[in-house]
Amino acid sequence: MKLRMLGANDKLAEIRHLYFSTTRQTIEKDLAKALDLLKSMASEEERERATVYMEGLAQMRSDWARAGKKRRRKN
């Protein structure tokens, strides 16, 4: 099987896909993959286009971590 290199638009599309499909159970893995994709982008312009999705993923991780702590305290 031949692997193809992802272009900037493909990387952005994958980050976007991760943003919309992540769950509480997959957020850590998805965020790590999105960060790897972000780091592989060649220019600052390309990275800026992904900012909203990256911030959204980070916010979801934070919110879900906070909710998990509240649930543990109640038990």
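The exercises below, each with a worked solution, concern a predicted model.

**Exercise 1.** Check what the end-to-end distance of helix α1 should be, and find which side of this helix is buried.

*Solution.* Begin with the length: helix α1 covers residues 8-21, and because each of its 14 residues is counted at 1.5 Å, taking one less than the number of residues, the expected span is 20 Å, which agrees with the 20 Å between its end C-alpha atoms. Next, list the buried residues of α1, which are Lys11, Leu12, Ile15 and Leu18. Seen down the helix axis, these fall within an arc of 120 degrees, so they line one face of α1. Finally, turn to the other side of α1, where Asn9 and Phe20 are exposed.

**Exercise 2.** Carry out the corresponding check for helix α2, residues 27-39.

*Solution.* With 13 residues at 1.5 Å a residue, α2 should span 18 Å, and its end C-alpha atoms are indeed 18 Å apart. The buried residues in α2 are Ile27, Asp30, Leu31, Ala34, Leu37 and Leu38. They cover an arc of only 120 degrees around the axis, which puts them on the same side of α2. On the other side of this helix, Lys29 and Lys39 are exposed.

**Exercise 3.** Determine which elements give two or more residues to the largest nonpolar core, and which residues Ala34 touches.

*Solution.* Start from the core, which has 14 residues, with Ile15, Ala34, Met41, Ala50, Met54 and Leu57 having the most contacts inside it. The elements that give two or more residues to this core are α1, α2 and α3, the last running over 44-74. Then follow Ala34: leaving aside residues up to four places away in sequence, Ala34 touches Ile15, Leu18, Met54 and Leu57.

Notes
Residues are numbered from 1 along each chain as its sequence is written. This is a predicted model: local features need pLDDT of at least 70, side-chain atom pairs count only at pLDDT 80 or more; totals for chains, interfaces and linings use all residues. Side-chain values use heavy atoms; hydrogens and water are left out. Helices (H or I, at least four residues) and strands (E, at least two) are DSSP runs, numbered from the N terminus. Buried means under 20% relative accessible area, exposed over 50%, partly exposed in between (1.4 Å probe, protein chains only). The arc is that of the directions from the helix axis to the C-beta atoms. A nonpolar core is a set of buried Ala, Val, Leu, Ile, Met, Phe, Trp, Tyr and Cys residues joined through side-chain atoms within 4.5 Å. Contact means heavy atoms within 4.5 Å.
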